[in-house]
Amino acid sequence: MNKILVAYATMAGSTAEVAQAVGEEISKHGLEVDIRPISEIKDLGDYAGVVVGAPMIMGWHRQALRFLKRHRQVLRRMPFAVFVMAISLTQTGETGVAGVPVFVDEKLPKPPGDADRLNFRERYARLTKYLRPIINATNPIKPSSIGIFGGRLEYGRLKWWAVLFVMLVIQAPAGDKRNWEAIRSWAARLPEALQNEATSAPV
Ligand SMILES: Cc1cc2nc3c(=O)[nH]c(=O)nc-3n(C[C@H](O)[C@H](O)[C@H](O)COP(=O)(O)O)c2cc1C
């Protein structure tokens, strides 16, 4: 079977729509695709590859991190890719993490006030800070590809504690920052990236 699984986690729904777009792009290459919330997935069966997508919610969505950890043995022999939705990213010049190049939505990073002295919020929103736990979840196996994109933030959809966290720590204005062109152009390269097992460690 040559089926790809796009598994996603979401808090307020917008990542589900991104997973849909990612799946659509993959299927344009003649591959069969299942797009499913992580909570519904029991095992990875005989998929040929997996794409795991989730937003930053005080760290990458816990469900997604747990998913990677739970399936780390299977992921030794199944290529996988990761996408991350975020509303704030500090421009630091970082282009990858642990040797894996990262596709960064060019509209997402914002330059810090003073590049030599990042403040708390700017340090918190560095690429490596966001992605290190994802890399650690399957270490030493690494994803074939990682993409990070602007997400959607709507205070009306959130519980009070989530609003408080975003206002205090993230300090981002509400809005839909999803850059569909960037998302689709990353996703269009996934069929090829998932065929490359060069980044997988030997079993
Ligand atoms: C409680 C909470 C915490 C968040 N933490 C971060 C964060 O650390 N960094 C970031 O860039 N965005 C953060 N965001 C923004 C979300 O990642 C963004 O809005 C995402 O697109 C939401 O996806 P969803 O609609 O699928 O839940 C946070 C949002 C919420 C509600």
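**Internal cavity and surface pockets**

The largest cavity has a volume of about 400 Å³. The model in which this space was computed is a predicted one. A single cavity reaches the threshold of 30 Å³ or more. Its lining comprises 27 residues. Nearest the centre of the largest cavity lie Pro55, Met56, Ile57, Arg152 and Leu153. Four elements give two or more residues to this lining: α1 (14–27), β4 (80–86), β10 (152–153) and α5 (160–170). Of these, α5 gives the most, with 5 residues. By class, the lining of the largest cavity divides into 18 nonpolar, 7 polar and 2 charged residues.

Arg152 was examined further. This residue is found in strand β10 and is among those nearest the cavity centre. Its relative accessibility is 15%, so Arg152 counts as buried, the cut-off being under 20%. The side chain of Arg152 reaches the backbone oxygen of Ala12 at 3.1 Å. Ala12 also appears in the list of residues in contact with Arg152, which leaves aside neighbours within four places in sequence. That list continues with Gly13, Ser14 and Glu17. It also holds Ile87 and Arg157. Gly175, Asp176, Lys177 and Arg178 complete the set.

Open pockets were considered next. The largest pocket has a volume of about 330 Å³. It is lined by 21 residues, and Ile87, Ser88, Leu89, Leu108 and Lys110 are the closest to its centre. Ile87 is also in contact with Arg152. Strand β5 (89–90) and helix α3 (120–124) each supply at least two residues of the lining of the largest pocket. The classes here are 9 nonpolar, 5 polar and 7 charged residues.

The second largest pocket holds about 180 Å³ of space. Its lining has 11 residues. Ser145, Trp186, Arg189, Leu190 and Ala193 are the closest to the centre of the second largest pocket. At least two lining residues come from each of β7 (100–104), β9 (145–150) and α7 (190–195). By class, the lining of the second largest pocket has 7 nonpolar, 2 polar and 2 charged residues.

Conventions. Residues numbered from 1 in each chain as written. Predicted model: local features only at pLDDT ≥ 70, side-chain atom pairs only at ≥ 80, totals over all residues. Heavy atoms only, no water. 1 Å grid on protein atoms, 1.4 Å probe; cavity = no way out; pocket = protein on both sides within 12 Å on 5 of 7 lines; lining within 4 Å. Points joined across faces, edges and corners; volume = space filled by probe spheres on them. Nonpolar A, V, L, I, M, F, W, Y, C, P; charged D, E, K, R; others polar. Buried < 20%, exposed > 50% of the residue type's maximum accessible area, 1.4 Å probe, protein only. Polar contact = N/O pair within 3.5 Å; in protein donor to acceptor, adjacent residues only side chain to side chain. Contact = heavy atoms within 4.5 Å.
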